[in-house]
Amino acid sequence: ATVQHQDGAANLGSLTYTLPTGAVGGAPTTTSYTGPPVAVPDSVPAGVNITLPVSGVGGNISDLNFRLDSLAGCDTTIGNTNASMDHTFNSDLAFKLTSPAGTTVNLITNRGGVGDNFCTVTLDDDGGFPATSTMSAAGAITGSFAPESPLSAFDGQNANGNWILNVADTVGSDTGSLRRYSLIISGRICCAAPASISGTITYGNAIGNPVPPRFVKNVSVASTAGSPAVGPVITGTPGTYTLTGFGAG
């Protein structure tokens, strides 16, 4: 919505507002990276990109959470394949997420001190979780945190398409690989499931003559008087017909 603001004769200019439609609360869809481990190049600020295609999310984004996924047995062992991200000196790393629309959010930026490896780490800016700055400075990192920047920057966007996780090692001498991560996305829903309906329709004008064909949406039609209707389009003899189906049309 673009609103032009006025104060008397003075035009104060226009502002554009994004007004999300639909109800918040669509069932979340979890999409996980299941490809091979991706080595993060040592001391390369540009990092490496790991693409995650997302499809099947209905409605625009109402909420998005990010998760690094580990397996049982994740610990501080160097090169631990159960870790979501195995790396010595966790604070070398910076994670960024970019949506199909091109919006980029900083997830984790040089946190974790001298600890080794990331286990299961969930980033959620709606849950009242502590900031990433509180991540343990020793040992493997696990738990739920608020990201560096709000994930709500993605709200209202189309979730379907290629998402890109960028992982950068900003300091030399330590290496590792990104192994698993997921996006948990809830879309906005337009309306509740259509309710079942039934009823009757009288086809014909006041003197019983046919009127132009009528299209009836999302219903089945059975004749109780006059000629049977053909499919969803009533073209037969004037009469009263019973309609059953779902959704008003």
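L97 in strand β8 pairs up with V105: that is its bridge partner in β9. Strands β8 (residues 93-98) and β9 run antiparallel and are joined by five bridges; two strands count as paired if DSSP finds at least two bridges between them. Strands here are DSSP runs (E, at least two residues) and helices are H or I runs of at least four, numbered from the N terminus.

Before going further, keep in mind that this is a predicted model: local features need pLDDT of at least 70, side-chain atom pairs count only at pLDDT 80 or more, and totals for chains, interfaces and linings use all residues. Residues are numbered from 1 along each chain as its sequence is written, and side-chain values use heavy atoms, with hydrogens and water left out.

**The sheet around β8 and β9**

- Both strands belong to an open sheet of four strands, in the order β5-β12-β8-β9, with antiparallel pairing.
- Its edge strands are β5 and β9, each of which pairs on one side only.
- From one strand to the next, the twist averages 20°, based on axes that are lines fitted to C-alpha atoms (for helices over the stretch in contact), with angles from 0 to 180 degrees between N-to-C directions.
- As a bit of background, strands of a sheet pair through backbone hydrogen bonds, either parallel or antiparallel.

**P53, on edge strand β5**

- P53 sits in strand β5.
- P53 counts as exposed, at 55% relative accessibility; the cut-offs are buried under 20% relative accessible area, exposed over 50% and partly exposed in between, with a 1.4 Å probe and protein chains only.
- Setting aside neighbours within four places in sequence, P53 is in contact (heavy atoms within 4.5 Å) with T31, G161 and N162.
- For P53 and N162, the C-alpha atoms are 4.3 Å apart, although their positions lie 109 residues apart along the chain.

**Strand β14, covered on both sides**

- Seven of the seven residues in β14 (residues 181-187) are buried.
- In a regular strand the side chains alternate between the two faces of the sheet.
- In β14, one side carries Y181, L183, I185 and G187, the other S182, I184 and S186, and all of these are buried.
- Strand β3 (residues 29-32) runs antiparallel to β14, with four bridges joining them.
- β6 also pairs with β14 in the antiparallel sense, over seven bridges.
- I184 in β14 turns up in both pairings: as the bridge partner of T30 and as the bridge partner of N65.

**The disulfide**

- You'll find one disulfide in the structure, where the term means a pair of cysteine sulfur atoms within 2.5 Å.
- The cysteines are C74 and C119, with their sulfur atoms 2.0 Å apart.
- This pair ties together distant parts of the chain, 45 residues apart: C74 is in the loop between β6 (61-68) and β7 (85-87), and C119 is in strand β10 (residues 118-123).
- The torsion about the S-S bond of C74 and C119 is about -90°, so the disulfide is left-handed.
- C74 counts as buried at 18% relative accessibility, and C119 counts as buried at 8%.

**Two residues with positive phi**

- Most residues other than glycine have a negative phi.
- S43 has a phi near 55°, a positive value in a residue other than glycine.
- S43 lies in the loop between β4 (38-40) and β5 (44-54) and is partly exposed, with a relative accessible area of 40%.
- N117 has a positive phi too, near 80°, and is likewise not glycine.
- The loop between β9 (104-109) and β10 is where N117 is found, and N117 counts as buried at 1% relative accessibility.

**The chain as a whole**

- The protein chain has zero helices and 19 strands.
- Of its 249 residues, 37% count as buried.
- Among contacts with a separation of 6 or more, 67% come from residues 24 or more positions apart.
- About 12,500 Å² of the protein chain is exposed, and carbon and sulfur atoms supply 56% of it; the areas come from the Shrake-Rupley method with a 1.4 Å probe, and for residues only the protein chains shown count as cover.

**How confident the predictor is**

- The average pLDDT (the predictor's confidence in each residue, from 0 to 100) is 83 for the protein chain, and 73% of the residues score at least 70.
- Over residues 212-236 pLDDT stays under 50, and the model has 53 contacts beyond four places in sequence for them.
- Residues 244-249 also stay under 50, with 18 such contacts in the model.
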